[in-house]
Amino acid sequence: MTICREITKNYLFRRVNCGLTIKETAELCFKSIEMVEAWDKGKPIPPECKRLMRKASKNELSHLKSWNNFAMINGKMKLPTGKLVTAQQIILGIALIEIGASNDAHTSKLILRYARAIKDLM
């Protein structure tokens, strides 16, 4: 016997974007399994539950506007430019700035690119 399920945006959000099971979602949001199943069928997910789900999956770093377009994906930070960086790359970038490596023309070009991305966030 084949079981077919309609794949809704809510199901994709919960399962694919956040990586949460029905049981994990129900426990996280203090809702019943039946309610989560109703969301999967298309009933709107309350905004506070969506935020909890994003936070639990680390897809949202902060509710602050300055962190919009930043996300954590598979242990790497996704920058607003779309680039995925590791913790070591972030530390290295800060170190380069602190030691004054910005005198290098190539490094300056890259820093300007990221500065423009930051400007676009504000």
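**Exercise 1. Which residues form a positive surface patch?**

Before starting, note that this is a predicted model, where local features need pLDDT of at least 70, side-chain atom pairs count only at pLDDT 80 or more, and totals for chains, interfaces and linings use all residues. Residues are numbered from 1 along each chain as its sequence is written, and side-chain values use heavy atoms, with hydrogens and water left out.

Solution.
- Step 1: get the rule straight. A patch takes residues with over 30% relative accessible area and no salt bridge, joining like charges within 9 Å and nonpolar side chains (Val, Leu, Ile, Met, Phe, Trp, Tyr) within 5 Å. The areas are Shrake-Rupley values with a 1.4 Å probe, and for residues only the protein chains shown count as cover.
- Step 2: assign charges. Lys and Arg are positive, Asp and Glu negative, while His and the chain ends are not counted. Each charge is placed at NZ of Lys, CZ of Arg, CG of Asp or CD of Glu.
- Step 3: read off the members. They are K76, K83, K109 and R113.
- Step 4: locate two of them. K76 sits in strand β2, and K83 is in the loop between β2 (76-78) and β3 (84-85). Helices (H or I, at least four residues) and strands (E, at least two) are DSSP runs, numbered from the N terminus.
- Step 5: classify them. Buried means under 20% relative accessible area, exposed over 50%, and partly exposed in between (1.4 Å probe, protein chains only). K76 has 35%, so it is partly exposed; K83, at 37%, counts as partly exposed too.

**Exercise 2. Find the salt bridge and say which parts of the chain the pair links.**

Solution.
- Step 1: recall the idea. Side chains of opposite charge can pair when their charged atoms come close.
- Step 2: apply the cut-off. A side-chain nitrogen of Lys or Arg has to be within 4 Å of a carboxyl oxygen of Asp or Glu. That gives a count of one.
- Step 3: name the pair. R14 bridges to D40, with 2.7 Å between the closest N and O atoms. The two are 26 residues apart and link distant parts of the chain, R14 being in helix α1 (residues 9-17) and D40 in helix α3.
- Step 4: check the burial. Both R14 and D40 are buried.

**Exercise 3. Which residues form the nonpolar surface patch?**

Solution.
- Step 1: list the members. I7, L12 and V16 make it up, sharing about 280 Å² of accessible area.
- Step 2: zoom in on L12. It lies in helix α1 and is partly exposed, because its relative accessible area is 37%.

**Exercise 4. Where are the non-glycine residues F30 and N69, each with a positive phi?**

Solution.
- Step 1: set the background. Most residues other than glycine have a negative phi.
- Step 2: take F30. Its phi is near 55°, and it belongs to the loop between α2 (22-29) and α3 (33-40). With a relative accessible area of 75%, F30 is exposed.
- Step 3: take N69. Phi is about 70° here, in the loop between α4 (47-56) and β1 (71-73). N69 is exposed as well, at 55%.

**Exercise 5. Check the span of helix α5 and look at what surrounds the helix in sequence.**

Solution.
- Step 1: work out the expectation. The expected span is 1.5 Å times one less than the number of residues, so the 12 residues of α5 (residues 87-98) should cover 16 Å.
- Step 2: compare. The end C-alpha atoms of α5 are 17 Å apart, which agrees.
- Step 3: look just past the helix. There, G100 takes a positive phi of about 85°.
- Step 4: pick a residue inside. I91 is in α5 and counts as exposed, at 59% relative accessibility. C-alpha to C-alpha, I91 is 34 Å from P47, with their positions 44 residues apart in sequence.
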